[in-house]
Amino acid sequence: MAKEAAERMRKQATAEAPLTKVELDALCDFLDESLSEGCDHSHRFTRTFLACHKLPEDRVVSWLGENGGYCDCEVLANVEGTL
Ligand SMILES: [Zn+2]
């Protein structure tokens with residue numbers, strides 16, 4: 001993909017993100033700790049975090065999926081640093 005297109009997608013992702021950079025960073029810290037017991041390829045820890053922080057679970061999970069975060073470990077691998 002061309003650099004400009006990647007850049008544009010990144011900006012678009014930021015504009016549409018249902019959570020702030022601070023919240024995403026906090027989510028990734030939480031996942032980092034929680035995933036020491038392993039990922040079961042669901043968003044269970046992500047949803048735990050979102051529920052605790054009163055964030056819109058379904059919107060955030062679908063946004064994470066659009067950015068390559070199809071489960072807890074992929075959120076860490078692919079979405080951390082997106083915002
Ligand atoms: Zn996983």
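Start by selecting Leu24, Leu27, Leu31, Phe45, Phe49, Leu50, Val60, Leu64, Val75, Leu76 and Val79: these eleven residues form the largest nonpolar core. Colour them by element and you'll find that helix 2, helix 3, helix 4 and helix 5 (72-79) each give two or more residues to this core. Keep in mind as you click around that this is a predicted model.

**Stop one: helix 2 against helix 3**

Leave the core on screen and bring up helix 2 (residues 21-34) together with helix 3. Their axes come within 10 Å and cross at roughly 135°, which makes helix 2 oblique to helix 3. Now show side chains at the contact: from helix 2 you want Leu27, Phe30, Leu31 and Ser34, and from helix 3 you want Phe45, Thr46 and Phe49. Sort that selection by class and you get five nonpolar residues, two polar ones and no charged ones. If you like to check handedness by eye, this crossing is right-handed. Several of these names should look familiar, since Leu27, Leu31, Phe45 and Phe49 are among the core residues you picked at the start.

**Stop two: the loop between them**

Next, click on histidine 41, in the loop between helix 2 and helix 3. What is phi doing here? Histidine 41 has a phi near 60°, a positive value in a residue that isn't glycine. Is the residue buried or exposed? Histidine 41 is exposed, because just 11 other C-beta atoms lie within 10 Å, and 12 or fewer is the cut-off for that label.

**Stop three: helix 3 against helix 4**

Carry on along the chain and select residues 44-52 (helix 3) and 57-66 (helix 4). The two axes come within 10 Å, crossing at roughly 140°, so helix 3 and helix 4 are oblique to each other too. Helix 3 passes helix 4 in a right-handed crossing. To see who does the touching, show Thr46, Arg47, Leu50 and Ala51 on helix 3, then Glu57, Val60, Val61 and Leu64 on helix 4. That contact splits into five nonpolar residues, one polar and two charged. Thr46 is worth a label, as this residue takes part here and also in the contact of helix 2 with helix 3.

**Stop four: the loop after helix 3**

Slide over to lysine 54, in the loop between helix 3 and helix 4. Here's another positive phi outside glycine, at about 55°. Lysine 54 counts as exposed, with 7 C-beta neighbours inside 10 Å. Try a distance from here to alanine 5: the two C-alpha atoms are 33 Å apart, with their positions 49 residues apart along the chain.

**Stop five: helix 2 against helix 5**

Go back to helix 2 and add helix 5 to the view. These two pack at an angle of about 130° with their axes 10 Å apart, so helix 2 is oblique to helix 5. This crossing is left-handed. For the contact, select Cys28, Leu31 and Asp32 in helix 2 along with Asp72, Val75 and Leu76 in helix 5. By class you'll count four nonpolar residues, no polar ones and two charged ones.

While you're there, isolate valine 75. Which residues does it touch, once neighbours within four places in sequence are set aside? Valine 75 is in contact with Leu31, Thr46, Leu64 and Gly69.

**Last stop: the end of helix 1**

Finish on glutamate 16 in helix 1 (residues 3-16). Glutamate 16 is exposed, with 10 other C-beta atoms within 10 Å. Now add tryptophan 63 and draw a line between the C-alpha atoms: glutamate 16 and tryptophan 63 are 47 residues apart in sequence, yet 8.3 Å apart in space.

How values were computed
Residues numbered from 1 in each chain as written. Predicted model: local features only at pLDDT ≥ 70, side-chain atom pairs only at ≥ 80, totals over all residues. Axes fitted to C-alpha atoms, helices over the stretch in contact; angles between N-to-C directions. Helix = DSSP H or I, 4+ residues; strand = E, 2+ residues; numbered from the N terminus. Parallel < 35°, antiparallel > 145°, perpendicular 65-115°, else oblique. Left-handed = near helix turned anticlockwise from the far one by under 90°. Contact = placed C-beta atoms within 7 Å. Nonpolar A, V, L, I, M, F, W, Y, C, P; charged D, E, K, R; others polar. Core = buried A, V, L, I, M, F, W, Y, C linked by C-beta atoms within 7 Å. Buried ≥ 20, exposed ≤ 12 C-beta atoms within 10 Å, placed from the backbone.
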